[in-house]
Amino acid sequence: MELTVKTSMGDYNITIERGAINNLSEYCDINKKALIVTDSGVPSEYAEAVSKQFKNNIIKVIPQGEQSKSFETYKELLEVLNENAFTRLDCVVAVGGGVVGDLSGFTAATYMRGIDFYNIPTTLLSQVDSSIGGKTAIDFGGYKNTVGAFYQPKAVVIDPDVLKTLSQRQFYNGLAESIKMAATSDKELFGMLENNNAEDIIDIVIERSLKIKKAVVEEDEKETGLRKVLNFGHTAGHAIETAAGLSGYLHGECVAMGMLAFSACDVRKRLLNVLNKYKLPIQFDFSVNEIISSLRHDKKAKEDGVNVVFVNEIGSFEFRFLTFSELEILVKEAYSE
């Protein structure tokens, strides 16, 4: 399966094919010198498979985790490129999840004003969401994605076979993003997730999720309007992440809980069933008031409220402005039951 994303920076292909990681010559220019970036949590076999195909390459392994999206790690990657005389004709290849993709993409975007970037996502979350769309960034000053650029990959290669090494928790963590997109934009996909085991239909889940994101990105490349629909679950989810601190929730788990706050009653019931089915959390172990406090400090917040994505019916959405009083009612209703 091949999808083409059309952007102002040019078109690129997303390939979804089992075994694709071992056939990169069909999708990438393997004659380019490549900096292959991966992290310590990604099975080394994947970066090694990529290395065997690019004729001239260097593998750089960064520490696993959000802390690697830093100026320090970014500087390390630039030093590797510089010390090994990479030119504008060469490329950066990301082999990993969202952290690796964001960091590698930003490095490619800024080295010599931009060199080619190939993304080979190895987590479900990155396969269905973060690997396409062109958002690249590092964290700064304690805030996520403060320094970044819109920079589109040359190609995205998705091999569902690599998901076999994911833990069940990480698999369901990524699935939360597909549930999010189905809830706002694809009622048939939502029904499929309700009535089947996601593992059995994962190729279809990946394809349909990417078709949703592709359509949104093509219409709103730099998030000035429609692309904000992808924030469903994230407004409350980010507040949950902030309030949770180091309690150990994964990003997709926070998005899962975040969807409940901005859903109509009937939608929330269906969401609860799906989240329970895939062992995603629906409650947290801290005060609802901490969520409300975090929402007041959301970067999208205004003096009297916040713009949110609200789902009245599975498969459709609306943008709503909610006052803080309305937010408080919805949050307490969603999480105090």
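**Exercise 1. How do helices H2 and H3 sit relative to each other?**

Task: In this predicted model, work out which orientation class fits H2 and H3.

Solution:
- Step 1: Find the two helices. H2 covers residues 71-83 and H3 covers residues 98-110.
- Step 2: Look at their axes, which come within 10 Å and cross at roughly 50°.
- Step 3: Check the cut-offs. Angles under 35 degrees count as roughly parallel, and 65 to 115 as roughly perpendicular. The crossing at roughly 50° fits neither of those classes, so H2 and H3 are oblique to each other.
- Step 4: Add the handedness: the crossing of H2 and H3 is right-handed.

**Exercise 2. What does the contact consist of?**

Task: List which residues of H2 and H3 meet, then sort them by class.

Solution:
- Step 1: On the H2 side, pick out Thr73, Tyr74, Leu77, Leu78 and Leu81.
- Step 2: Across from them, H3 brings in Leu103, Phe106, Thr107 and Thr110.
- Step 3: Sort them, and you get six nonpolar residues, three polar ones and no charged ones.

**Exercise 3. Following a salt bridge along the chain**

Task: Say where Asp161 and Arg18 are in the chain, and whether each is buried, partly exposed or exposed.

Solution:
- Step 1: Start with the general idea: side chains of opposite charge can pair when their charged atoms come close.
- Step 2: Now the pair itself. Asp161 and Arg18 form a salt bridge, with N and O 2.5 Å apart.
- Step 3: Place them. Asp161 is in the loop between strand E9 and helix H5, while Arg18 is in the loop between strands E2 and E3, so the bridge links parts of the chain 143 residues apart.
- Step 4: Read off accessibility. Asp161 has 31% and counts as partly exposed; Arg18, at 41%, is partly exposed too.

**Exercise 4. Buried or not?**

Task: For the bridge between Glu253 and Arg169, decide which partner is buried and which is partly exposed.

Solution:
- Step 1: Check the distance: the closest N and O atoms are 2.8 Å apart.
- Step 2: Locate the partners. Glu253 belongs to helix H9 and Arg169 to helix H5, 84 residues apart.
- Step 3: Use the cut-off: buried means under 20% relative accessible area. Glu253 has 6%, so it counts as buried. Arg169, with 42%, counts as partly exposed.

**Exercise 5. The whole set**

Task: Find how many salt bridges the structure holds, and name the residues of a network.

Solution:
- Step 1: The count is 20 salt bridges.
- Step 2: Through shared partners, Glu66, Lys69, Asp102 and Asp139 are joined into one network.

Definitions and conventions: Residues are numbered from 1 along each chain as its sequence is written. This is a predicted model: local features need pLDDT of at least 70, side-chain atom pairs count only at pLDDT 80 or more; totals for chains, interfaces and linings use all residues. Side-chain values use heavy atoms; hydrogens and water are left out. A salt bridge is a side-chain nitrogen of Lys or Arg within 4 Å of a carboxyl oxygen of Asp or Glu. Helices (H or I, at least four residues) and strands (E, at least two) are DSSP runs, numbered from the N terminus. Buried means under 20% relative accessible area, exposed over 50%, partly exposed in between (1.4 Å probe, protein chains only). Axes are lines fitted to C-alpha atoms, for helices over the stretch in contact, and angles run from 0 to 180 degrees between N-to-C directions. Angles under 35 degrees count as roughly parallel, over 145 as roughly antiparallel, 65 to 115 as roughly perpendicular and the rest as oblique. A crossing is left-handed if the near helix is turned anticlockwise from the far one by less than a right angle, and right-handed if clockwise. Contact means heavy atoms within 4.5 Å. Ala, Val, Leu, Ile, Met, Phe, Trp, Tyr, Cys and Pro count as nonpolar, Asp, Glu, Lys and Arg as charged, and the others, Gly among them, as polar.
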